[in-house]
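Q: Could you take a close look at the surroundings of ligand 2 for me? I'd like to know which residues and elements sit around ligand 2, and where it lies relative to the domains.

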Amino acid sequence: MKIAIMGSGGVGGYFGAKLATAGYDVTFIARGTHLQAIRRDGLRIRSPLGDLVVRQPQITERPGDVGPVDLVLFAVKLWDTESAAEAIEPLIGPGTGILSLQNGVIKDEILADRFGRSAVIGGVCYIAAAIGEPGVIVHTGTMQKVVFGEYDGSRSKRVTRLFDACSKAGIESEISNDIRRAIWEKFVFLCGLSATTATTRCPIGVVRSHAPSRHLLVSVMGEVVAVGGAEGVAFSPDFVEGRLRFCDQLPHDMTSSMHHDLERGNRLEVAWLSGDVSRRGARLGVEVPYNTAVYDILAVHAAGRSE
Ligand SMILES: NC(=O)C1=CN([C@@H]2O[C@H](COP(=O)(O)OP(=O)(O)OC[C@H]3O[C@@H](n4cnc5c(N)ncnc54)[C@H](OP(=O)(O)O)[C@@H]3O)[C@@H](O)[C@H]2O)C=CC1
Ligand SMILES: CC(C)(CO)C(=O)C(=O)O
């Protein structure tokens with residue numbers, strides 16, 4: 001199976017390195033100092049599950065050098081979705097599957113508009129990983145899971161092959177027969193986690209132990225469920241309570257990648273998280289005041305800090 005990784009950062013770099021180490025034909029697409037460092041020293045993963053080095057990986061900034069592949073693993077930040085989608089055109093042949101592990105629910109709509117619904121495999125991932133320094137991916141904790149599936153619920157050959165590849169590579173994985181719901185379920189949790197940790201600038205342990213910020217967490221998640229429900233996603237009736245119990249079990253210091261980005265002065269994905277909930281709510285006539293307020297508050301930081 002020929003695989004290209006579009007965006008070789010925290011997510012793409014980690015899962016790509018696992019697949020490459022397992023012997024799969026993986027080409028990394030990267031740019032800038034990260035690309036140069038990987039070319040020079042290899043791609044390094046620091047993980048509590050064991051460090052890895054992919055020495056001399058196949059890597060380029062020009063997807064045109066690679067040609068059509070079986071699978072594109074798409075893992076750029078949400079603000080780069082359109083430009084990266086344009087850049088991967090040369091990787092796409094008649095049988096290519098595109099699996100985005102990005103957060104949010106809009107990513108597959110953008111990819112399907114460009115490449116057609118049948119090219120897109122739905123997916124979502126659970127991991128905390130980031131570029132620690134150019135060429136080095138730092139994995140925090142031991143969570144590293146991907147959930148994927150066809151939008152029509154079928155157990156296709158490409159999905160089964162991917163599942164086998166993940167198993168061989170030591171990536172925890174699951175095939176979902178309702179991937180749209182799985183993506184929305186993560187979206188509910190992530191909007192809650194990122195909204196509360198970024199606006200309070202505190203980890204989940206602090207957020208959940210103060211009544212007002214706990215109320216914010218529940219309210220943000222409840223609104224995402226209401227919007228998803230209006231779009232036809234069948235959440236279980238006690239879904240928000242279940243996610244709250246899940247949040248209560250997370251390590252005290254756990255936080256969101258958006259909170260990390262805020263602390264580092266990076267750009268924020270808020271426009272595609274609470275901002276997207278706000279826009280969808282307005283379109284559907286669903287009241288979403290908490291997500292709208294979160295977007296309005298964080299919008300002043302969304303472009304990052306200029307040095
Ligand atoms: N990090 C995490 O733990 C998790 C992240 N996610 C989601 O996954 C997505 C990716 O996040 P993450 O891995 O953290 O992001 P990173 O910023 O770590 O990695 C993205 C990489 O893609 C590169 N890139 C963007 N466009 C191009 C291009 N056209 N050509 C070559 N390289 C390109 C970026 O380069 P440059 O830096 O130069 O822009 C960057 O190196 C996000 O939607 C995020 O929300 C989901 C679960 C967990
Ligand atoms: C919550 C987490 C770490 C889970 O993968 C995540 O997706 C994020 O913070 O962006």
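A: Let's get the classes straight before counting: Ala, Val, Leu, Ile, Met, Phe, Trp, Tyr, Cys and Pro count as nonpolar, Asp, Glu, Lys and Arg as charged, and the others, Gly among them, as polar. On that basis, the shell around ligand 2 has five nonpolar residues, three polar ones and no charged ones.

Keep in mind that this is a predicted model, where local features need pLDDT of at least 70 and side-chain atom pairs count only at pLDDT 80 or more, while totals for chains, interfaces and linings use all residues. As for labels, residues are numbered from 1 along each chain as its sequence is written, and chains are lettered from A and ligands numbered from 1 in the order in which they are written.

So who's in the shell? Around ligand 2 you'll find N103, Y126, I127, A128, L190, L193, S256 and S257; a residue makes the list if its C-beta atom, placed from the backbone, lies within 6 Å of the molecule. At least two residues each come from β8 (120-133) and α6 (179-200), and β8 gives the most, with three. (Helices are DSSP runs of H or I with at least four residues, strands are runs of E with at least two, and both are numbered from the N terminus.)

Where does that put ligand 2? Domain 1 (2-177) and domain 2 (183-301) both give residues to its shell, so ligand 2 lies between them. Those bounds come from an automatic or database domain assignment.

Now for ligand 1, since β8 turns up there too: β8 gives the most to the shell around ligand 1, with six residues. The shell around ligand 1 has 30 residues, of which G7, G9, G10, Q102 and N103 come nearest. Elements giving two or more of them are α1 (10-21), α2 (32-41), α3 (81-87) and β8. By class, the shell around ligand 1 has 15 nonpolar, ten polar and five charged residues.

Back to α6, the helix that shares the ligand 2 shell with β8. α6 packs on α12 (residues 289-298) at an angle of about 45°, with the axes 11 Å apart. Axes here are lines fitted to C-alpha atoms, for helices over the stretch in contact, and angles run from 0 to 180 degrees between N-to-C directions. The two helices are therefore oblique to each other, as angles under 35 degrees count as roughly parallel, over 145 as roughly antiparallel, 65 to 115 as roughly perpendicular and the rest as oblique.

α12 also meets α11 (residues 274-284): their axes come within 8 Å and cross at roughly 130°, so α11 and α12 are oblique as well.
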